[in-house]
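Welcome! Here are some short exercises to work through with the sequence and the 3D view side by side. Try each task before you read its solution.

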Amino acid sequence: MATIATAVNTPFTPAAGDFIVQCSAGIAEVQRSGDADAPWVSVGIVTGNQAPIISNPVAGARYQFVQVGAITPVVQADQ
């Protein structure tokens, strides 16, 4: 499994299939966009010490972490 993202407000494009997101400090929202022209929509909120699995059925879909609250989150996505 390789790390594919470690920053907030930086889009990343996982391959089709499952990937893991984690937040070890702060709170982050995971957002998804179908392509460069599509709006960002919420996938869910990840808080400290959570690592949910996200299913990505579409190759080319973009994801990003967005900070929620005052504390900058420490995030990572792995696939």
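Accessible areas come from the Shrake-Rupley method with a 1.4 Å probe. The model you see is predicted.

**Exercise 1.** Find how much area the chain exposes and what share of it carbon and sulfur atoms supply.

Solution. Start with the total: the chain exposes about 4200 Å². Then look at the atoms: carbon and sulfur supply 55% of that area. For the inside, turn to the buried residues, which make up 30% of the 79 residues.

**Exercise 2.** Which elements does the chain contain, and is it as compact as a globular protein of its length? 

Solution. First list the elements: there are seven strands and zero helices, in the order β-β-β-β-β-β-β from the N terminus. Next take the radius of gyration, 11 Å, which is close to the 12 Å from the globule rule for 79 residues, so the chain is as compact as a globular protein of that length. Along the principal axes, the C-alpha atoms fill a box of roughly 30 × 30 × 15 Å.

**Exercise 3.** Locate the aromatic pair of phenylalanine 19 and tyrosine 63, and work out its geometry.

Solution. Step one: a search of the whole structure finds four aromatic pairs. Step two: in the pair of phenylalanine 19 and tyrosine 63, the centres are 4.9 Å apart and the planes stand at 70°. Planes over 60 degrees apart count as edge-to-face, and this pair is edge-to-face. Step three: phenylalanine 19 sits in strand β2 and tyrosine 63 in strand β6, 44 residues apart, so the pair links distant parts of the chain.

**Exercise 4.** Are phenylalanine 19 and tyrosine 63 buried or exposed?

Solution. Buried means under 20% relative accessible area. Phenylalanine 19 has 1% relative accessibility, so it counts as buried. Tyrosine 63, at 2%, counts as buried too. Finally, ring pairs link Phe12, Phe19, Tyr63 and Phe65 into a cluster.

Technical notes: Residues are numbered from 1 along each chain as its sequence is written. This is a predicted model: local features need pLDDT of at least 70, side-chain atom pairs count only at pLDDT 80 or more; totals for chains, interfaces and linings use all residues. Side-chain values use heavy atoms; hydrogens and water are left out. Rings of Phe, Tyr and Trp (its six-membered ring) pair if their centres lie within 6.5 Å; planes under 30 degrees apart count as stacked, over 60 as edge-to-face and the rest as tilted. Helices (H or I, at least four residues) and strands (E, at least two) are DSSP runs, numbered from the N terminus. Buried means under 20% relative accessible area, exposed over 50%, partly exposed in between (1.4 Å probe, protein chains only). The radius of gyration is taken over C-alpha atoms; the globule rule is 2.2 Å times the number of residues to the power 0.38.
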